[in-house]
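Please read this report with the sequence and the model side by side. The text begins with helix packing and then turns to the wider arrangement of the chains.

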Amino acid sequence: MNRSVIEQTTRFIVLVLLQVLILNNINFLGDINPYVYVLFIALFPVINNRMTFIFLSFLIGLCIDIFSDTGGIHAAASVFVGYARPLFLKFAFGMTYEHQTIRISQSDIGQRLIYFTLIILVHHLILFSLEIFSLSMIPSILKMTLFSGIFTILLSILGTTLFGKRIK
Amino acid sequence: MQQLLNFFIRNKNVLFFLFLFFIAIGLTIQSHSYHKSKFLHSANGFTGGIYNATNGISQFFSLKDENAILLEENNRLKELLLSRNYSTPNLSVGDSIKLRSSTVIKNSYALINNYIILNKGEKDSIAPDLGVMTSNGIVGVIDKVSNNYARVISILNTTSSVNAKLQNSNHFGELKWDGKSAEIVQLVDLPKQAVFKKGDTISTSGRSIIFPKGIPIGSIEAFELDETENFYNIDVRLFNDMTNLGHAHIILNKNKAEIEQLEANNE
């Protein structure tokens with residue numbers, strides 16, 4: 001238990017700093033940035049205490065918001081995917097997740113790709129809708145979601161493959 | 001009562017989620033309105049400190065470029081000094097304007113509402129509503145100040161609005177940003193009587209106490225009449241490279257308090 005808490009705290013801090021100090025400054029082709037901090041929400045262990053998890057999702061979004069002066073858009077998007085995560089899990093991994101047997105970092109790459117894609121696209125869609133906040137710019141919202149989303153998915157898959165624990 | 005309590009316990013996850021979600025939406029909405037983001041901004045000691053520390057590292061690598069820019073500015077100022085022949089009396093703003101140099105420790109330009117953090121704050125007698133410029137042109141207006149840091153609403157912010165005019169006449173309009181390109185801003189509400197051509201310079205108008213008259217902003221890239229056919233909408237290409245800001249000057253106006261008092265008396 002204790003080890004898990006330390007692990008999650010470290011991951012939280014590392015991902016926030018990585019996001020605000022490096023990834024927010026990439027600006028690929030002008031304005032495309034990956035938002036890899038979503039990995040914290042995606043990789044959080046499946047536990048019974050959902051309230052803690054929802055609160056932590058909110059907190060990581062809020063941290064990113066404070067650093068990048070964006071009001072509450074990251075917090076809103078993060079708390080939403082945090083709340084809706086069981087749906088994504090069920091969709092990607094089927095029923096096995098309910099027995100709490102899966103380790104996301106050790107799962108099959110196809111399932112992991114589906115899971116990340118779902119969680120990241122939903123998160124980015126809410127994020128950019130709130131950031132742009134205008135119905136007349138829906139094409140631009142979808143464009144940003146797609147491009148940023150692909151960028152984030154690539155980095156997430158790479159990151160979890162490189163730093164994930166080896167299967168025994 | 002018992003049932004109500006049961007309802008809350010049964011749905012505590014949903015309720016907690018909705019509660020947090022609405023807090024986040026609330027923060028978003030109040031950040032969309034100018035001058036209202038009271039609670040969360042990155043000009044506080046903690047986030048400012050982290051940005052300051054990392055900026056120290058990245059600054060080291062751009063020292064060469066920074067030097068070149070300063071050298072260029074020096075040359076320009078020297079030329080100006082020489083061509084003035086020393087004897088010309090000092091016109092316009094005179095001594096009422098003071099510049100204070102500062103370092104940009106955080107800059108963004110890819111969002112819709114961009115902010116910049118400077119490493120000067122209340123301690124250096126910086127206050128909200130002061131203008132910020134570089135040697136190439138204007139950057140934005142300070143809106144939040146903490147002890148050591150100041151947050152600037154960049155001109156690349158859809159809520160920003162600065163008064164600007166044509167360099168060679170007194171027709172003025174309002175400088176806005178449509179959130180698209182970091183190189184182009186829009187000058188709107190310029191009367192159609194104004195005469196100009198592509199490539200003309202746009203500068204600050206001096207109609208507010210924030211920016212003194214005549215600071216260059218950019219050149220005219222394209223223009224068209226708006227729907228009412230009474231005003232021009234102009235695309236202005238900025239002289240400043242907003243994606244590469246190192247140092248910035250904060251404009252202090254000695255007469256600010258006096259002018260504000262005068263305006264307050266009027267009301």
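In this predicted model, helix H3(A) meets helix H4(A) through A:Phe53, A:Ile54, A:Ser57, A:Phe58, A:Ile60, A:Gly61, A:Leu62, A:Ile64 and A:Asp65, which face A:Ile73, A:His74, A:Ala75, A:Ala77, A:Ser78, A:Val79, A:Val81, A:Gly82 and A:Tyr83 on the H4(A) side. By class, the residues of this contact divide into 12 nonpolar, five polar and one charged. H3(A) covers residues 50-68 and H4(A) residues 73-93, and the two pack at an angle of about 160° with their axes 7 Å apart. Because angles over 145 degrees count as roughly antiparallel, H3(A) is roughly antiparallel to H4(A). The crossing of H3(A) and H4(A) is right-handed.

H3(A) also packs with helix H1(A), residues 2-22, at an angle of about 30° and with the axes 10 Å apart. H1(A) and H3(A) are therefore roughly parallel to each other, and the crossing of H1(A) and H3(A) is right-handed. From H1(A) the contact takes in A:Phe12, A:Val16, A:Gln19 and A:Val20, and from H3(A) it takes in A:Ile60, A:Cys63, A:Ile64, A:Phe67 and A:Ser68. The contact of H1(A) with H3(A) has seven nonpolar and two polar residues, and no charged ones. A:Ile60 and A:Ile64 of H3(A) belong to this contact and also to the contact with H4(A).

Elsewhere in chain A, helix H5(A) runs over residues 109-132, and its 24 residues reach 33 Å from the first C-alpha to the last, close to the 34 Å expected at 1.5 Å a residue. H5(A) is followed by A:Phe133, whose phi is positive, near 55°.

The two chains can be set side by side as follows.

| Chain | Secondary structure | Buried share | Contacts between residues 24 or more positions apart, as a share of those with a separation of 6 or more |
|---|---|---|---|
| Chain A | six helices, zero strands | 42% of 168 residues | 64% |
| Chain B | five helices, 12 strands | 33% of 267 residues | 58% |

Read along the sequence, chain A follows the pattern α-α-α-α-α-α.

How many residues of each chain take part in the contact between chain B and chain A? On the chain B side there are 25 residues, in contact with 27 residues of chain A. The elements of chain B that give two or more residues to this side are helix H2 (12-32) and helix H3 (45-61), and H2(B) provides the largest share, with 14 residues. The side of chain B that touches chain A divides into 13 nonpolar, 11 polar and one charged residue.

One position in chain B may be followed in detail: B:Ser96 is found in the loop between helix H4 (63-84) and strand E1 (97-107) of that chain. Is B:Ser96 buried, exposed or partly exposed? B:Ser96 has 15 other C-beta atoms within 10 Å and is therefore partly exposed, since burial requires 20 or more such atoms and exposure 12 or fewer. Leaving aside its neighbours within four places in sequence, B:Ser96 is in contact with B:Asn253, B:Lys254 and B:Asn255. Between B:Ser96 and B:Phe239, by comparison, the sequence distance is 143 residues and the C-alpha to C-alpha distance in space is 26 Å.

Conventions: Residues are numbered from 1 along each chain as its sequence is written. Chains are lettered from A and ligands numbered from 1 in the order in which they are written. This is a predicted model: local features need pLDDT of at least 70, side-chain atom pairs count only at pLDDT 80 or more; totals for chains, interfaces and linings use all residues. Two residues are in contact if their C-beta atoms, placed from the backbone, lie within 7 Å. Helices (H or I, at least four residues) and strands (E, at least two) are DSSP runs, numbered from the N terminus. Ala, Val, Leu, Ile, Met, Phe, Trp, Tyr, Cys and Pro count as nonpolar, Asp, Glu, Lys and Arg as charged, and the others, Gly among them, as polar. The expected span of a helix is 1.5 Å times one less than its number of residues. Axes are lines fitted to C-alpha atoms, for helices over the stretch in contact, and angles run from 0 to 180 degrees between N-to-C directions. Angles under 35 degrees count as roughly parallel, over 145 as roughly antiparallel, 65 to 115 as roughly perpendicular and the rest as oblique. A crossing is left-handed if the near helix is turned anticlockwise from the far one by less than a right angle, and right-handed if clockwise.
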